[in-house]
Amino acid sequence: MNEDMNMDPTDKEREREVDQWLESALSRYGKTEPRVGLENRVLANLQAERSRIAYRWRWWWWAGTATAMAVAMAIALWMGKSHERHPKSTMGASITGASTTTQGEQARALVQSGSGPRVAHPAGKINLAASRSVQELVVARRPKLEQFPSRRDLSERELLLVRRLNEQSDEEASLEPAAIPEEVDLSIDTLEIRPIQIPEIDISESKTN
Amino acid sequence: MAGEATNLSQKAWARQEPDPLESAVREHSRLVYRIAYSVLRNPADAEDATQEIFLRVLRHGNRIAGIRDPKAWLARIAWRVAVERRKSMAKASARTEEAGETLVSPGRGADRVLLEQERNAVLERLISALPGPLRDALVLSTLEEIAPREVATMLGISEAAVRSRSFRAREILRQRLLASNEPRTE
């Protein structure tokens, strides 16, 4: 209060002026008007965004549907192919080019060492049917890379079976010449039926005895 | 989420109901603009921020239909978006000159318009020189549409703190105006 009383009238005037100006300036400060048509511009922008969203939504829907269909078709094709391939693989028909795995080497070692199935017999006397089936078994055991799951190594029992078939083929080959039967004359001579001759028994002799 | 927004709008249209977002734009776009302007101090930036705010509402599922107080909700979003923009922008120097254009009243003489622009530029400079918390409280308090309670919610402080900060900011402005011999008399 004392300050107010001691103040210069021009200063008072100045303060009052500043206060008034500040109040009016601050009240105008918060009443900024946007450019004409702000609402319409915002609404137009929202409409454009909505159509963008709808378009994007539709695009994603079609993309998703197309992808799902492509996946379904791929699965169907794959299943069809695997069905076709399955019987062939059991017959051991196809051999892949890249069969340089340990399984292939194992099978080849079995064949070469003689413990496994023999592909060619030295004497050329081999039971071809048995040899072929053994060979097919070996070929079937080679890995088929385009198939899933991959083939396993020969199990112990399978190796024994291969060995057994090999031995069997050897035995059959060795027995083959002896097995040819000789021609025997089986004709029967004419039969003669004679009456039975019974010798007479001397009764007196039998009494003395 | 975006599909939900489109569906909501389509349903509202099919039932011939006014779109809640459209109603919000018509009712509150001016307030949103003012809040954005109070932070950004540039008409073009404020309008961009206004567009972005309503686009955010649309992209986030058009939830405005379920909001109890859409005005306060939009004011909070506007404040957040504007502050984010202010942080990401680093061009404050040219704004004070442009700001005067929107503050002048039409239908005045050229000398008065020029004088008013100059005063507004001074005020802009002084306000932007205020400490952040005081400036925010003062700027939001100048918006008539927003009650002190809403300002307090937006700033995350109490109503008393809003009043106190606003008063302190005014006092600082007053002292600086007196010290700088501004505004000049006609």
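**A helix pair in chain B and its interface with chain A**

Let's start inside chain B of this predicted model, where Pro148(B), Arg149(B), Val151(B) and Ala152(B) of H8(B) meet Glu159(B), Val162(B) and Arg163(B) of H9(B). By residue class, this contact of H8(B) with H9(B) splits into 4 nonpolar and 3 charged residues, with no polar ones. Two packed helices are described by the angle between their axes and the distance between the axes. Here, the axes of H8 (residues 148-155) and H9 (residues 159-179) of chain B come within 8 Å and cross at roughly 95°. Angles of 65 to 115 degrees count as roughly perpendicular, so H8(B) is roughly perpendicular to H9(B).

Now let's turn to where the two chains meet. On the chain B side, 46 residues are in contact with 31 residues of chain A. The size of an interface is often given as the accessible area lost when the parts come together. Between chain B and chain A, about 4000 Å² is buried, and carbon and sulfur atoms give 60% of that area.

Charged pairs appear here too: the count between chain B and chain A is 10 salt bridges. One of them joins Arg50(A) to Asp19(B), with the closest N and O atoms 2.4 Å apart. Across this interface there are also 13 residue pairs in polar contact, both residues being at pLDDT 80 or more.

Which helices of chain B supply at least two residues each to the side that touches chain A? They are H1, H2, H3, H5, H6, H7 and H9. H2(B) gives the largest share, 10 residues. Taken by class, the side of chain B that touches chain A divides into 18 nonpolar, 13 polar and 15 charged residues.

Technical notes: Residues numbered from 1 in each chain as written. Chains lettered and ligands numbered in written order. Predicted model: local features only at pLDDT ≥ 70, side-chain atom pairs only at ≥ 80, totals over all residues. Heavy atoms only, no water. Axes fitted to C-alpha atoms, helices over the stretch in contact; angles between N-to-C directions. Helix = DSSP H or I, 4+ residues; strand = E, 2+ residues; numbered from the N terminus. Parallel < 35°, antiparallel > 145°, perpendicular 65-115°, else oblique. Contact = heavy atoms within 4.5 Å. Nonpolar A, V, L, I, M, F, W, Y, C, P; charged D, E, K, R; others polar. Buried area = accessible area lost by both parts, 1.4 Å probe. Salt bridge = Lys/Arg side-chain N within 4 Å of Asp/Glu carboxyl O. Polar contact = N/O pair within 3.5 Å; in protein donor to acceptor, adjacent residues only side chain to side chain.
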